[in-house]
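Colleague: I have the sequence and the fold open on my bench screen. Can we go through them together, one question at a time?

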Amino acid sequence: MASSWWLIEEKEMAFKEGEAKGEVKGEARGEIKGERRMAELFRRLNEAGRSEDAMRATTDREYHRGLYEEFGI
């Protein structure tokens, strides 16, 4: 019986470790995606000569979300 309990503990630990690694990977992917999205927004704003909008987007989350929508990003 004791060996069965130990196996269950090992499986639970392995699952938690795998879950934590998956979370780290997911967060890294999300960060990369967000950086690419912001870079694309700044590129388009630059092309449109909208530097003031780019500056505001750096500090106003709702504003840059609206710009994402405006530019279809």
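**Helices, charges and faces**

Modeller: Start with a pair inside one helix. Arginine 65 and glutamate 62 both lie in helix α3, three residues apart, about one turn of the helix. Keep in mind that this is a predicted model.

Colleague: How far apart are the closest N and O atoms of arginine 65 and glutamate 62?

Modeller: An α-helix has 3.6 residues a turn, so residues three or four places apart point the same way. Arginine 65 and glutamate 62 are three residues apart in α3. Their side chains form a salt bridge, with the closest N and O atoms at 3.2 Å.

Colleague: Is glutamate 62 buried or exposed?

Modeller: The cut-off for exposed is over 50% relative accessible area. Glutamate 62 has 56%, so the residue is exposed. Its partner arginine 65 has 43%. Arginine 65 therefore counts as partly exposed, while glutamate 62 is exposed.

Colleague: Which residues are joined into one network by salt bridges that share partners?

Modeller: Eight salt bridges are counted in the model. Some of them share partners. The residues joined into one network are Glu40, Arg43, Arg44 and Glu47.

Colleague: What is the N to O distance between glutamate 17 and lysine 21?

Modeller: Both residues lie in helix α1, four residues apart, about one turn of the helix. Glutamate 17 is partly exposed, because its relative accessibility is 47%. The two side chains meet in a salt bridge, N to O, at 3.4 Å.

Colleague: Aspartate 53 and arginine 50 also form a salt bridge. Which of these residues is buried?

Modeller: The closest N and O atoms of this pair are 2.6 Å apart. Arginine 50 has a relative accessible area of 23%, so it is partly exposed. Buried means under 20%. At 18%, the buried residue is aspartate 53.

Colleague: Back to α3. Why do its buried residues line one face of the helix?

Modeller: The buried residues in α3 are Tyr63, His64, Leu67, Tyr68 and Phe71. Seen down the axis of α3, they line one face because they fall within an arc of 145 degrees.

Colleague: Which residues are exposed on the other side of α3?

Modeller: Take the buried set first, which includes Tyr63 and Phe71. On the other side of the helix, the exposed residues are Arg61, Glu62 and Glu69.

Colleague: Where is glycine 66, and how far is its C-alpha atom from that of glycine 22?

Modeller: Glycine 66 is found in helix α3, residues 61-71. Its relative accessibility is 36%, so glycine 66 counts as partly exposed. Along the chain, glycine 66 and glycine 22 are 44 residues apart. Their C-alpha atoms are separated by 31 Å.

Colleague: What separates the C-alpha atoms of leucine 41 and phenylalanine 71 in space?

Modeller: Leucine 41 lies in helix α1. At 0% relative accessibility, leucine 41 counts as buried. Phe71 is among the buried residues of α3. The two are 30 residues apart along the chain, but their C-alpha atoms are separated by 7.5 Å.

Colleague: And how far apart in space are glutamate 10 and tyrosine 63?

Modeller: Glutamate 10 has its place in helix α1. Its relative accessibility is 35%, so glutamate 10 counts as partly exposed. Tyr63 is one of the buried residues of α3. Glutamate 10 and tyrosine 63 are 53 residues apart in sequence, and C-alpha to C-alpha the distance is 48 Å.

Colleague: Now the surface. Which residues form the negative patch?

Modeller: Glutamate 31 is one member, and it lies in helix α1. At 52% relative accessibility, glutamate 31 counts as exposed. The residues of the negative patch are Glu19, Glu23, Glu27, Glu31 and Glu35.

Colleague: What is the area of the nonpolar surface patch?

Modeller: Trp5, Trp6 and Leu7 make this patch. Tryptophan 6 has its place in helix α1, residues 2-47. The area of the patch is about 390 Å².

Technical notes:
Residues are numbered from 1 along each chain as its sequence is written. This is a predicted model: local features need pLDDT of at least 70, side-chain atom pairs count only at pLDDT 80 or more; totals for chains, interfaces and linings use all residues. Side-chain values use heavy atoms; hydrogens and water are left out. Patches are made of residues with over 30% relative accessible area and no salt bridge: like charges are joined within 9 Å, nonpolar side chains (Val, Leu, Ile, Met, Phe, Trp, Tyr) within 5 Å. Accessible areas come from the Shrake-Rupley method with a 1.4 Å probe; for residues, only the protein chains shown count as cover. A salt bridge is a side-chain nitrogen of Lys or Arg within 4 Å of a carboxyl oxygen of Asp or Glu. Helices (H or I, at least four residues) and strands (E, at least two) are DSSP runs, numbered from the N terminus. Lys and Arg count as positive and Asp and Glu as negative; His and the chain ends are not counted. The place of a charge is taken as NZ of Lys, CZ of Arg, CG of Asp or CD of Glu. Buried means under 20% relative accessible area, exposed over 50%, partly exposed in between (1.4 Å probe, protein chains only). The arc is that of the directions from the helix axis to the C-beta atoms.
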